[in-house]
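Trainee: Could you give me a close look at just one part of this model, the second chain, and walk me through how it is put together? I'd like one connected story rather than a list.

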Amino acid sequence: MDINSNRLIEAAVTEFGQLPGIGRKTALRFVLYLLKQKPEDVEQFGSTFIRLRNEIKYCINCNNISEKHLCEICSNTKRDRTVVCVVEDIRDVFAIENTNQFNGVYHVLGGIINPMEGIGPKDINVENLVVRVGQDEIKEIIMALSATMEGDTTVFYIFKRLKDFDIKFTTIARGVSVGDDLEYADEVTLGRSILHRIPYENTLVK
Amino acid sequence: MNIKNLHLLNFKNYAAIDLYFDEGINCFVGNNGEGKTNLLDAIYYLSMCKSYFNFIDSQNVKHGEHFFLIKGTIHDHDKEDEIYCGFKINQGKVFKKNGKEYQRLSDHIGSFPCVMISPTDINLVWQGSDDRRKLIDSIISQFDGEYLDNLIQYNKALAQRNAQLKRFAANRYFDAVELELWDDIIVPLGNKIYESRLAFLAEFVPVFNNYYKFLSDAKETVGIEYETNLKPNEYRQILNEAIEKDRALQYTSVGIHKDDLSFTINEYQLKKQGSQGQQKSFLIAIKLAQFEYIKNKKGIKPILLLDDVFDKLDQSRVSRLMTLVSEDTFGQIFVTDTHQERIENIFNEIKVKVRIFPVKNGAV
């Protein structure tokens, strides 16, 4: 191998090595694998990522990923625009969509308040939400954030920001997982479940 | 409650050893570095799941070996439990009771309580407030799980608040709302912790005073004072008043994380005015009060581990201490000393039976 090709390999390894969870050895395996493939296949591989980066936009309404100005969910007329589910990132949109239990629209914050990670209230997409609540015909905001101190703090912050609007402000239920034995539930969760118990009638399938 | 036997394998300087103890007073005697304290530490380990002296488990393994094992039989009323602790380098430690492994170490801690009195306790007098807060926190949280939870949550929120203060400074802006988000968590938790500490000290300090009075034959008056910048129900106000200062310091300068205990002797600071013997008596009285606190809460007498207590104490205090711990209020006791004669004389004088274990180079 001459020095030139060495440098090319080095550059490719460095690029792969930047991906989360990929070390130098794995990166080198990827590079050597790609070298063995047909040039057109590798071209396809590369252009897929270039297109991905160039063509994917963020929905101007909810900050979800989208190929157009408005994402598929926001532009779908069958979805209920009066209910907005607020989530941390796009993965949560996928997770909630997979439940098939939600027919409203989303609002993706892009993070939760966590000063230790350098994220303050201004670094997440809250202003847009306030604007949306002021303009649209929103009746309910559902907060679906992680059950951590940072998640709770973010919910509380948004609650404060929206308290003057005439909307229903709810948060997803916390408690014993479906299919779990009570004895295996941790004490904090179980304690909260008892404290925030709900009328049995509400749990019946209508 | 008492420990009937102890089996060690590769623990500190012991290769393999089997010991059977008396229900009353047991003494380990021997020269420096023979392994007296290591025996106390092994008993402490079975109780608290860690060493009193060195928290790094791998450093408690005998040199050149890869694991250690501590086993002991605990006798309480008519019940006998075998406690097993095994530690393998790179594999961590396993705690078992009667052959069944514990899911969480915290399930074991407290079920077989012990109190250690050691020369390293002097750190409580000399080191920063952190050590003194840890002392009260560890005593309270052994009996109050909620206190421990509150403390963990408080520290998390405090770290976020401090990070926020640093962000303000780094980005050159200030927004009270962003800080209040964390205050809203800190204030209720801090209030609860503050109340718990007040209540604990109200119970603890009189007991401590009694013990000191007894040890010193009422020659000196001592005090433990709760030092705090808090007042009941004014937590938020106190945080707000400190905002300018906190912004300059880039951390939270008031709150329960700044609490301290002030130790005094005859109204002066123990650290500056107390003699070494007085400081030692003070610490012993604290530990004896801790013993009584645990006994009252648990209804069992903890095992008392006395490491090198005779050093620095005068003859009258030594004999008062030994008379005290030989009484019925106390249970099984382990003592270390370098002089076999001294210890025999002390106990002969107060007419208490002791069992002597001569310790020599990792063997008894």
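Mentor: Sure. One term before we start: the domain bounds I'll use come from an automatic or database domain assignment. Keep in mind, too, that this is a predicted model.

With that said, chain B splits into domain 1, made of residues 2–113 plus 300–358, and domain 2, residues 129–265. Taken over C-alpha atoms, the centres of domain 1 and domain 2 of chain B are separated by 33 Å. Where they touch, 6 residues of domain 1 of chain B are in contact with 4 residues of domain 2 of chain B. On the domain 1 side, the touching residues divide into 2 nonpolar, 2 polar and 2 charged.

Start with the sheet. Six strands of chain B form an open sheet, ordered β2-β1-β4-β5-β6-β7, with antiparallel pairing. At its edges are β2 (14–20) and β7 (100–101) of chain B, each of which pairs on one side only. As a reminder, strands of a sheet pair through backbone hydrogen bonds, either parallel or antiparallel. At the β7 edge, β6 (residues 92–97) and β7 of chain B run antiparallel and are joined by 2 bridges. Put your cursor on Lys96(B) there: its bridge partner in β7(B) is Glu101(B).

Now add the helix. Helix α1 (residues 36–48) of chain B lies across β1 (2–11), β2, β4 (67–76) and β5 (79–88) of chain B. Its direction is about 110 degrees to β1(B).

Two loops in this part deserve a stop. Between β1 and β2 of chain B you'll find Lys12(B), which has a positive phi of about 50 degrees although it is not a glycine. That's worth a second glance, since most residues other than glycine have a negative phi. Is Lys12(B) buried or exposed? Lys12(B) has 21 C-beta neighbours inside 10 Å, so it counts as buried; the cut-off for that is 20 or more. The other loop, between α1 and β4 of chain B, holds Gly64(B). Gly64(B) counts as exposed because it has 6 C-beta neighbours inside 10 Å. The C-alpha atom of Gly64(B) is 41 Å from that of Val352(B), which is 288 residues away along the chain.

What about the inside? The largest nonpolar core has 68 residues, and those touching the most other members are Ala42(B), Ile43(B), Phe282(B), Ala285(B), Leu304(B) and Leu305(B). Helix α9 (residues 276–298) of chain B gives the core its largest share, 10 residues. Domain 1 and domain 2 of chain B each supply at least three residues to this core. To see how the packing works around one member, pick Ile43(B): leaving out residues up to four places away in sequence, Ile43(B) touches Ile3(B), Leu6(B), Cys114(B), Ile303(B), Leu305(B) and Phe334(B). There is also a second, separate core of 41 residues, which includes Val93(A), Tyr157(A), Tyr154(B) and Tyr235(B).

Next, go to the strands further along chain B. Strand β9 (residues 222–227) pairs with β10 (residues 260–265) in the antiparallel sense over 6 bridges, and Glu227(B) stands opposite Asp260(B) in β10(B). In a regular strand the side chains alternate between the two faces of the sheet. You can see two faces in β10(B): Leu261(B), Phe263(B) and Ile265(B) make up the covered one, while Asp260(B), Ser262(B) and Thr264(B) are on the uncovered one. On the way out, β10(B) is joined by 2 bridges to the antiparallel β11 (residues 268–269) of chain B, with Ile265(B) partnered by Tyr268(B). That hairpin has 2 residues between the strands, and Asn266(B) takes a positive phi near 45 degrees.

Asp217(B), in the loop between α5 (176–215) and β9 of chain B, also has a positive phi, near 55 degrees. Unlike Lys12(B), which counts as buried, Asp217(B) counts as exposed because 10 C-beta neighbours lie inside 10 Å.

Last stop, the partner chain. Here 12 residues of chain B are in contact with 10 residues of chain A. On the chain A side, the touching residues are 7 nonpolar, 3 polar and no charged.

Definitions and conventions. Residues numbered from 1 in each chain as written. Chains lettered and ligands numbered in written order. Predicted model: local features only at pLDDT ≥ 70, side-chain atom pairs only at ≥ 80, totals over all residues. Pairing = 2+ DSSP bridges. Helix = DSSP H or I, 4+ residues; strand = E, 2+ residues; numbered from the N terminus. Contact = placed C-beta atoms within 7 Å. Axes fitted to C-alpha atoms, helices over the stretch in contact; angles between N-to-C directions. Buried ≥ 20, exposed ≤ 12 C-beta atoms within 10 Å, placed from the backbone. Core = buried A, V, L, I, M, F, W, Y, C linked by C-beta atoms within 7 Å. Nonpolar A, V, L, I, M, F, W, Y, C, P; charged D, E, K, R; others polar.
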